[in-house]
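Visitor: I am new to structures like this one. Please give me a close look at one part, the surroundings of the DNA, and then tell me how that part fits into the rest.

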2 protein chains.
Amino acid sequence: MASSVAELISGRMGEMPAGERRAAQTLIANYPLIGLKTVADFSQQAGVSSPTILRFVSRLGFHNYPEFQAALQDELAAQLQSPLSRTSVRPTPDQGKTSPVIEATLQNIRETFRHVSDKQIRDIVALIARPRSTIFLIGGRFTDPVARYTAAHLTIIRPNVFHLTGQESTWRDRLIDMGKRDVLLIFDIRRYQDSLLRLAEKAHARGVEIVLVTDQWLSPIARFARHVIAGRTAVPSAWDSSAALFVVAEALIGEATRELETESARRIREMEELR
Amino acid sequence: MASSVAELISGRMGEMPAGERRAAQTLIANYPLIGLKTVADFSQQAGVSSPTILRFVSRLGFHNYPEFQAALQDELAAQLQSPLSRTSVRPTPDQGKTSPVIEATLQNIRETFRHVSDKQIRDIVALIARPRSTIFLIGGRFTDPVARYTAAHLTIIRPNVFHLTGQESTWRDRLIDMGKRDVLLIFDIRRYQDSLLRLAEKAHARGVEIVLVTDQWLSPIARFARHVIAGRTAVPSAWDSSAALFVVAEALIGEATRELETESARRIREMEELR
DNA sequence: CAGACGCTGTAATTTATGATACGTATTTTT
DNA sequence: AAAAATACGTATCATAAATTACAGCGTCTG
């Protein structure tokens, strides 16, 4: 079972007539992007007619052109997810023999921050650092600890930070305290929890600014969120990894601390004195 | 002159209405492949209608959808051309590479696992997976969330997992339940907490096997611990980073799950049925 | 509270894309 | 060298995709 389209091609290049071979060569030379464009583009680039392209694709075993494009996209998706697994590039310089799960985790963190812009972080931090707003935090079954971690730090650098804890009914009642100036920071990865969605919906209805940290498949809460950060969670293990979300949380904490530098320094000093 | 589409998006995300922002978030989360599919696919994935996608694209400054796709393809082409420049061809080229704090975090994780031997992990997992023992978990001010996270997972794959929560007096009383067969998993980084040290000492006196996950300066609890894992926590920020500890926890969870594969599968199945 | 504005989805419209039929050219075979 | 078979391109068709028009809805504003 040939896995990649490129493999398929090199396997059957021999049996192909001249025109189709030109198509094959063009595709390999611009792999795989030319295959994602239209048949017309592809045919022009290859210097053949569009039916030739279609025959070529059909010879590869695909029933129609979109099916062929879907295969290319899937490959590309897999490649972009884990750049290190590319067959062409195998840099492994000194990172040597850490376990695959750890490597995947590191890659997830990197990849996550590739998709998060500075501006996004700054915008969220601006919300978090806004002195007059109250901040509520909550997470799902496995991510709630990350929410707690974040809360533990934020509560030191600024007032009015509350982690929504305990029974669902308990924090549902806290909705009454939330208003337009306030911020709800939610961590939610699949399988997404209905209870969190309901909370987000109601909070949104009250005008609360919702910040969502989720996985790359986006929790349905994204619908109500002002800001969404999508972290990578896939690792070769029975569980998803929340490490990337954890690092996102640390990044937010770090930036918020810098933002609130003077105030937080004062708070910390006062706290020390209270011991 | 904004070069990348991702950059464009993060620049204008703020001015966008809710629906278009959802589109933006979905695109960023699956960058850039979802943008190469059809408008219908994109809209469905984002949970909005196709006109919203078109308006979103138009707001980014493109005159039509194909033009937008062409821009994405050009980016992708540049990226695929020189795989090694993946890190340099970034959505936000203004910061060069990932922020120093993130880089330090990644380095910490890697460094941590360089010093942790497979045997160490295996020994600890053997303890955790021992069916007859009860497992208690606890952490310090900032690391307790990591303990909770670990507990949340372990409690799924095996019985008798307890996170020591609430007041110090509460968990001190749980000491009475701890015996020689049991395991106490402690997370503690500086500034080390006296309360945890006292707990560890007493548990040790009762013959409990203590596993300590700490920072590289080793919590005093190490004196009582059967196994110690020292993670790196230093980052250029106001706070220490617990990310390495978090990944250590995930590694333990992952290995324990594999170890208890058959039993945990059965438990998970039963749990599903109980819904 | 009424009116205006802006956002969003449904449905109709237009565009362009993939697929097919057929005739011509090219190669292969005897 | 002639006939057969295969390959290829032109022109046409069907269909799927992008686009536009419009109406409903919610949200701010005076």
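Guide: Let's start with a word we will need: a residue is near a molecule or strand if one of its heavy atoms lies within 4 Å of it. Residues are numbered from 1 along each chain as its sequence is written, while chains are lettered from A and ligands numbered from 1 in the order in which they are written. This is a predicted model, where local features need pLDDT of at least 70, side-chain atom pairs count only at pLDDT 80 or more, totals for chains, interfaces and linings use all residues, and side-chain values use heavy atoms, with hydrogens and water left out.

Now look at DNA strand C, which has 16 residues around it, with A:Val39, A:Asn64, A:Tyr65, B:Gly19 and B:Thr52 as the closest. Of the atoms of this strand that come within 4 Å of the protein, 64% belong to sugar and phosphate. Some of these neighbours can be followed atom by atom as polar contacts (pairs of N or O atoms within 3.5 Å; within protein, one must be able to donate a hydrogen and the other to accept it, and residues adjacent in sequence count only if both atoms are side-chain atoms). The side chain of B:Thr52 has an N or O atom 2.7 Å from a phosphate oxygen of DNA strand C. A:Tyr65 uses a backbone N or O atom instead, 3.2 Å from a phosphate oxygen of the strand. B:Arg55 reaches a base: an N or O atom of its side chain lies 3.3 Å from a base nitrogen of DNA strand C.

Helices and strands come next; here they are DSSP runs numbered from the N terminus, with at least four residues for a helix (H or I) and at least two for a strand (E). Two or more residues of the surface near DNA strand C come from each of helix H3 (39-46), H4 and helix H5 (65-81) of chain A, and from each of H2 and H4 of chain B. H4(B) gives the most, with three residues. Sorted by class, this surface has ten nonpolar, five polar and one charged residues. In that sorting, Ala, Val, Leu, Ile, Met, Phe, Trp, Tyr, Cys and Pro count as nonpolar, Asp, Glu, Lys and Arg as charged, and the others, Gly among them, as polar.

Let's turn to DNA strand D. Of the 16 residues around it, A:Gly19, A:Thr52, B:Val39, B:Leu54 and B:Asn64 come nearest. Sugar or phosphate supplies 70% of the strand's atoms within 4 Å of the protein, and bases supply the rest. A:Thr52 places a polar side-chain atom 2.7 Å from a phosphate oxygen of DNA strand D, and A:Ser49 places one 3.0 Å from a phosphate oxygen of that strand. For B:Val39, a polar backbone atom is the partner, 2.8 Å from a phosphate oxygen. Here the elements giving two or more residues are helix H2 (18-29) and helix H4 (50-59) of chain A, together with helix H3 (39-46), helix H4 (50-59) and helix H5 (65-81) of chain B. The largest share, three residues, comes from H4(A). The surface near DNA strand D holds ten nonpolar, five polar and one charged residues.

Both chains have a loop between H2 and H3, so to speak a stop on our tour: A:Pro32 sits there in chain A, and B:Pro32 in chain B. A cis peptide bond with omega of about -10° joins A:Tyr31 to A:Pro32, and one with omega of about -10° joins B:Tyr31 to B:Pro32. Most peptide bonds are trans.

Finally, how do the chains meet? Their contact, meaning heavy atoms within 4.5 Å, takes 65 residues from chain A and 66 from chain B. Two salt bridges (a side-chain nitrogen of Lys or Arg within 4 Å of a carboxyl oxygen of Asp or Glu) are counted between chain B and chain A. One joins B:Glu272 and A:Arg191, at 3.3 Å from N to O. Across this interface there are also 14 residue pairs in polar contact, both residues at pLDDT 80 or more. The side of chain B that touches chain A has 31 nonpolar, 19 polar and 16 charged residues.
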